[in-house]
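User: I am new to this structure and would like a close look at a single part of it, set within the chain as a whole. Please choose that part and take me through it in one connected account.

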Amino acid sequence: MPEQKFCKNCNQKHNCDEIYRKLGDVKGRSVAVKVVVAFLLPLVVFIASLAVFEEILAEATNIKALQTALSFLLALSVTFVCILIIKVIGRELRKDK
């Protein structure tokens, strides 16, 4: 492995080993839920709301360009509201601690 050859000749190899050992021993809560809520949830909300608005507006108008533009803007607004709600909930949870 090229990294092992590089580390073998490094004069700070001991420091790197110690840092990685300390990072590996850190005990804390998982950030997986926060990552999913922060990145995946808004994306899913946007895609789902876009699909819903496309279906609703398909019945309301026959102009495809208008249908697409309105669906996109409405989906963006729903996603923005979702993000704001997530932020408010996050602040409230931090206050409780």
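Analyst: In the protein chain, residues 24 or more positions apart account for 53% of the contacts with a separation of 6 or more. What follows describes a predicted model, and the part chosen for the close look is helix α4, which spans residues 64-96.

The setting comes first. The protein chain contains four helices and zero strands, so that, by the DSSP assignment of helices and strands, reading along the sequence gives the pattern α-α-α-α. Of its 97 residues, 12% count as buried, and the protein chain exposes about 8500 Å², with carbon and sulfur atoms supplying 68% of that area.

Within helix α4, a suitable place to begin is Q67, which belongs to this helix. Q67 counts as buried because its relative accessible area is 6%, a value under the 20% that sets the limit for that class. Not counting residues up to four places away in sequence, Q67 touches E54, L57, A58 and T61, and with one of these, E54, the side chain of Q67 makes a polar contact of 3.1 Å.

S71, also placed in helix α4, has a relative accessibility of 0% and therefore counts as buried. If neighbours within four places in sequence are left aside, S71 is in contact with L50, F53, E54 and L57. The side chains of S71 and E54 are joined by a polar contact of 3.3 Å, while E54 also has the 3.1 Å polar contact with the side chain of Q67. S71 and Q67 are linked directly as well, since the side chain of S71 reaches the backbone oxygen of Q67 at 2.7 Å.

The next feature involves aromatic rings, and the count comes to one aromatic pair. The ring centres of F46 and F72 lie 5.9 Å apart with their planes at 85°, and so the pair is edge-to-face. This pair connects distant parts of the chain, with F46 in helix α3 (residues 32-60) and F72 in helix α4, 26 residues apart. As for cover, F46 is buried, with a relative accessible area of 18%, whereas F72 is partly exposed, with a value of 40%.

From there the account turns to the surface. F80, which lies in helix α4, is one of the residues of a nonpolar surface patch that also includes V81, L84, I85, I89 and L93. Taken together, the residues of this patch have about 560 Å² of accessible area.

A charged pair completes the picture, for the structure holds one salt bridge. It is formed by E92 and K95, whose closest N and O atoms are 3.8 Å apart. Because E92 and K95 are three residues apart in helix α4, about one helical turn separates them. E92 is partly exposed, with a relative accessible area of 40%, while K95 is exposed, with a relative accessible area of 61%.

Drawn together, helix α4 holds a buried Q67 and a buried S71, each with a polar contact to E54; it also holds F72, paired with F46 of helix α3, and the salt bridge between E92 and K95.

Definitions and conventions: Residues numbered from 1 in each chain as written. Predicted model: local features only at pLDDT ≥ 70, side-chain atom pairs only at ≥ 80, totals over all residues. Heavy atoms only, no water. Patch = residues over 30% accessible without salt bridge, like charges linked within 9 Å, V, L, I, M, F, W, Y side chains within 5 Å. Areas by Shrake-Rupley, 256 points an atom, 1.4 Å probe, with all protein chains shown as cover. Salt bridge = Lys/Arg side-chain N within 4 Å of Asp/Glu carboxyl O. Helix = DSSP H or I, 4+ residues; strand = E, 2+ residues; numbered from the N terminus. Buried < 20%, exposed > 50% of the residue type's maximum accessible area, 1.4 Å probe, protein only. Polar contact = N/O pair within 3.5 Å; in protein donor to acceptor, adjacent residues only side chain to side chain. Contact = heavy atoms within 4.5 Å. Phe/Tyr/Trp six-rings, centres within 6.5 Å; stacked < 30°, edge-to-face > 60°.
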